[in-house]
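Please work through the exercises below with the sequence and the structure at hand. Each task is followed by a solution in steps.

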Amino acid sequence: MGVGVLAGVCAVFFMRCFMGVPGRTVWERFATWVATGFGIGLVAPVAPGTVGSLPGVALALALAAWVPDWRVQAVICVALTLASIPVCDVAERVLGRKDDGRICADEWMLYPIGVLGLPLLDALWLVPVTFVVIRVIDIVKPPPARQLQVLKGGLGIVADDFAANLISLGLNWGFFRLVADLM
């Protein structure tokens, strides 16, 4: 009985969160819900991209725990990147603004790229450090990430974050190697 009650509560919570998301069709609502980090981007009072990155941290830790082979992680990262493009495209149309700040699927779905192959579970200090690096690079958008923002729709939302996460990956690995060599 306890599991049934918990499942019912979760279903009601999901439906309330999902039904409050903008969109005319179920697909538009679902895409916008995913694109806003399960609604986080819609309710975060400040820094929705940073707050909306938190599901990405959980996703990266789950990948580190359940998929230890970095090559399989890379394939999953490519799949998440490709899946985020149409989701962000729909959310941009629904929310009515180019690269709306409430859209954070580009942050959370691509976050694992910035930590690909790093031993997050063996070196937990990496979790906050990589989070800061990924967020700073995403905000600063060094070349070529900034130039990719001119692309339209979901591709434009995702492409700059893809490039920023690749830059973050290099920095995170460099920092990890530097600290590992000092230890």
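The exercises concern a predicted model and treat its confidence, its nonpolar cores and its largest pocket.

**Exercise 1.** Determine which elements of the protein chain have the lowest and the highest mean pLDDT.

*Solution.* Begin with the chain as a whole: its mean pLDDT is 90, and 90% of its residues reach 70 or more. Then turn to the elements: helix H1 (residues 2-19) has the lowest mean, 59, and helix H6 (residues 70-95) has the highest, 97.

**Exercise 2.** Identify which helix gives the most residues to the largest nonpolar core, and list the contacts of Cys88.

*Solution.* The largest nonpolar core has 20 residues, and those touching the most other members are Val34, Ala35, Cys88, Ile103, Ala105 and Met109. At least two residues each come from helix H2 (26-35), H6, H7 and H9. Of these, H6 gives the most, with 6 residues. Next, consider Cys88: neighbours within four places in sequence aside, Cys88 is in contact with Ala35, Ile103, Ala105, Asp106, Gly154, Ile157 and Val158. A second, separate core has 13 residues, among them Val57, Ala60, Leu120 and Ala123.

**Exercise 3.** Describe the lining of the largest pocket by position, element and residue class.

*Solution.* The largest pocket has a volume of about 170 Å³. Its lining comprises 14 residues, and Asp99, Gly101, Asp106, Glu107 and Asp138 lie nearest the centre. Two or more lining residues come from each of helix H7 (105-108), helix H8 (126-140) and helix H9 (153-182). H8 gives the most, with 3 residues. By class, the lining holds 9 charged, 3 polar and 2 nonpolar residues.

Notes. Residues numbered from 1 in each chain as written. Predicted model: local features only at pLDDT ≥ 70, side-chain atom pairs only at ≥ 80, totals over all residues. Heavy atoms only, no water. 1 Å grid on protein atoms, 1.4 Å probe; cavity = no way out; pocket = protein on both sides within 12 Å on 5 of 7 lines; lining within 4 Å. Points joined across faces, edges and corners; volume = space filled by probe spheres on them. Helix = DSSP H or I, 4+ residues; strand = E, 2+ residues; numbered from the N terminus. Nonpolar A, V, L, I, M, F, W, Y, C, P; charged D, E, K, R; others polar. pLDDT = per-residue confidence, 0-100. Core = buried A, V, L, I, M, F, W, Y, C linked by side-chain atoms within 4.5 Å. Buried < 20%, exposed > 50% of the residue type's maximum accessible area, 1.4 Å probe, protein only. Contact = heavy atoms within 4.5 Å.
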